[in-house]
Amino acid sequence: MALAAITWVMMLSSIVLLWGVGGWAMYRTLADEDRKVKLIERQGTIDTYSPTALRELRNWIDSNPADPYHREAVDRHDECVEALRENDESFYDWTDAEIESLETIGGGSTAD
């Protein structure tokens, strides 16, 4: 039983597309990780959250003061803010105005 030509074309196209997308995703991931390592080697730390993620973390902190993970979330937020202030270059796309507008939440030392 032979397959129609269109079936072969679709199967081969699917395989090429799958490997192409997978290869591109792997390349991007490894390139990003390499950039992170170089930033850490040069600066000692990097920003751990994107602007959107840090905003969402801040909203979660404000909305969940009684959560058992609240203190840890505050510490992670403040660590990211301090790293952004101390480092010359950030991994994520932060503007100088965004960094200057950030405030630590406080209430404890992040050095503990």
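Reader: Leaving out residues up to four places away in sequence, which residues does Ile99 touch?

Author: This is a predicted model, and in it Ile99 is found in helix H4. Val81 is 18 residues away along the chain, and its C-alpha atom is separated from that of Ile99 by 7.6 Å. With residues up to four places away not counted, the ones Ile99 touches are Leu84, Arg85 and Trp94.

Reader: Is Ile99 buried or exposed?

Author: Buried means under 20% relative accessible area. Ile99 has 17%, so the label is buried.

Reader: And Asp96, what does its relative accessible area make it?

Author: Asp96 is found in helix H4, which covers residues 96-101. The cut-off for exposed is over 50%. Asp96 has a relative accessible area of 59%, so call it exposed.

Reader: How far is the C-alpha atom of Asp96 from that of Ala25?

Author: Along the chain, Asp96 and Ala25 are 71 residues apart. In space, their C-alpha atoms are separated by 30 Å.

Reader: Which residues make up the largest nonpolar core, and which helix gives the largest share?

Author: The largest nonpolar core has eleven residues: Leu54, Leu57, Ile61, Ala73, Val74, Cys80, Val81, Leu84, Trp94, Ile99 and Leu102. Two elements give two or more residues to this core, helix H2 (51-63) and helix H3 (70-86). The largest share is five residues, and it comes from H3.

Reader: Sticking with that core, which residues is Leu102 in contact with, leaving aside neighbours within four places in sequence?

Author: Leu102 is itself listed in the largest nonpolar core. Once its neighbours within four places are set aside, its contacts are Leu54, Val81, Leu84, Arg85 and Trp94.

Reader: His77 caught my eye. Where does it lie, and which residues does it touch beyond four places in sequence?

Author: His77 lies in helix H3. Its relative accessibility is 2%, so it counts as buried. Not counting residues up to four places away, the ones His77 touches are Leu54, Leu57, Arg58, Ile61, Glu103 and Ile105.

Reader: What about Arg76, how does its accessibility class come out?

Author: Arg76 also has its place in helix H3. Partly exposed sits between the buried limit of under 20% and the exposed limit of over 50%. Arg76 has 33% relative accessibility, so it counts as partly exposed.

Reader: How far apart are the C-alpha atoms of Arg76 and Tyr27?

Author: Arg76 and Tyr27 are 49 residues apart along the chain. The separation of their C-alpha atoms is 29 Å.

Reader: Zooming out, what pattern do the helices and strands follow along the sequence?

Author: The protein chain has four helices and zero strands. Reading along the sequence, you get α-α-α-α.

Reader: What radius of gyration does the chain have, set against a compact globule of 112 residues?

Author: The C-alpha trace spans about 75 × 35 × 25 Å along its principal axes. A compact globule of 112 residues would come out near 13 Å, but the radius of gyration of this chain is 22 Å.

Reader: What percentage of the chain's residues is buried?

Author: The chain exposes about 8300 Å², with carbon and sulfur atoms supplying 58% of that. Of its 112 residues, the buried ones make up 21%.

Reader: Last one: how many positive and negative side chains are there, and how far apart are the centres of the two sets?

Author: The chain has 10 positive and 22 negative side chains. The centres of those two sets lie apart by 3 Å.

Methods:
Residues are numbered from 1 along each chain as its sequence is written. This is a predicted model: local features need pLDDT of at least 70, side-chain atom pairs count only at pLDDT 80 or more; totals for chains, interfaces and linings use all residues. Side-chain values use heavy atoms; hydrogens and water are left out. The radius of gyration is taken over C-alpha atoms; the globule rule is 2.2 Å times the number of residues to the power 0.38. Buried means under 20% relative accessible area, exposed over 50%, partly exposed in between (1.4 Å probe, protein chains only). Accessible areas come from the Shrake-Rupley method with a 1.4 Å probe; for residues, only the protein chains shown count as cover. Lys and Arg count as positive and Asp and Glu as negative; His and the chain ends are not counted. The place of a charge is taken as NZ of Lys, CZ of Arg, CG of Asp or CD of Glu. A nonpolar core is a set of buried Ala, Val, Leu, Ile, Met, Phe, Trp, Tyr and Cys residues joined through side-chain atoms within 4.5 Å. Contact means heavy atoms within 4.5 Å.
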